[in-house]
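Me: I should like to learn how strand pairing and pockets are read from a model. May we work through one example together?

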Amino acid sequence: MGAIRDVITSFDASTDLLQEAKAHLETLDDLASAKADLMQEQTQIALLSAGVGTDRTPAVATFGPEFKQTHAIRSETAQTIPDVIMAAVRDFVGGGSDNVVNGIAQIFTTAVQAVLGGENAEGSTTDRLVIALDGDGQSLVRVDFHVWAQSVRSSALQTQVEHVSAFYARKSVIDLAKLDFSTFNEYFEPVVKADNPGLDHLQLLEETKKYFHEFTSSPTT
């Protein structure tokens, strides 16, 4: 998994066919960048309306950092995606126990693999929203994660890249005064479950409650 621009720079355009393929890849690079920009804009709109009216997603107190990337992916480099995402999650969400970080990475990896799972010349997008611990476990954050990917059908390009993709994530500090257990459970329990698949429903509920009580005095029953 590497930057699309790096592939373009190293591309052999010594023939007319390869020059055409390179031009096509440049178009795909522009498309991926536009998709990343769109995901950024949509996330900003979603955060402004979070927890308002019928929106039951976690309301935010402050907006945090974001990252936006585009990538070229080949089948052999796709195998590194879980490790790449794990490293990105550890860098982006700097707190909480290993099982929380592992759970988030698993959720995001599954999202990426879903859009890379087959031929998709039109492109597809997958979105995930989770609650995470940040700042050495001192605060709760909402992490919005989006991934878009499109398969490359040009035979002249496929030796270099099989999918072009765009990733966007933003971390925002949650407004605890507006956070109820139902909302917390909806977006945090999947994180616990992802790294603890053997827990039954009641065990997941109790584990989620423990985390909730660490950050709020609100009753959960």
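Me: Which residue is the bridge partner of Leu 133 in strand 3?

Reply: This is a predicted model. The bridge partner of Leu 133 in strand 3 is Leu 140. That pair fits the wider arrangement: strand 2 (residues 124-134) pairs with strand 3 in the antiparallel sense over 11 bridges.

Me: In what sense do strand 3 and strand 4 pair, and over how many bridges?

Reply: Strand 3 pairs with strand 4 (residues 163-174) in the antiparallel sense, over 11 bridges. As an example of facing residues, Phe 145 stands opposite Ala 169 in strand 4.

Me: How should one think about the side chains of a strand, and how many residues of strand 3 are buried?

Reply: In general, side chains in a regular strand alternate between the two faces of the sheet. Here, strand 3 (residues 139-151) is mostly covered, with 12 of its 13 residues buried, that is, under 20% relative accessible area.

Me: How is empty space found, and what is the volume of the largest pocket?

Reply: A probe the size of a water molecule, rolled over the atoms, shows where empty space is left. In this model the largest pocket has a volume of about 220 Å³. Strand 1 (60-73), helix 4 (81-92) and strand 4 are the elements that each give two or more residues to its lining.

Me: Which element gives the largest share of that lining, and which residues lie nearest the centre of the pocket?

Reply: Helix 4 gives the largest share, six residues. The lining has 14 residues, and Phe 67, Gln 69, Val 84, Ile 85 and Ala 88 lie nearest the centre. By class, 11 lining residues are nonpolar, two are polar and one is charged.

Definitions and conventions: Residues numbered from 1 in each chain as written. Predicted model: local features only at pLDDT ≥ 70, side-chain atom pairs only at ≥ 80, totals over all residues. Heavy atoms only, no water. Buried < 20%, exposed > 50% of the residue type's maximum accessible area, 1.4 Å probe, protein only. Helix = DSSP H or I, 4+ residues; strand = E, 2+ residues; numbered from the N terminus. Pairing = 2+ DSSP bridges. 1 Å grid on protein atoms, 1.4 Å probe; cavity = no way out; pocket = protein on both sides within 12 Å on 5 of 7 lines; lining within 4 Å. Points joined across faces, edges and corners; volume = space filled by probe spheres on them. Nonpolar A, V, L, I, M, F, W, Y, C, P; charged D, E, K, R; others polar.
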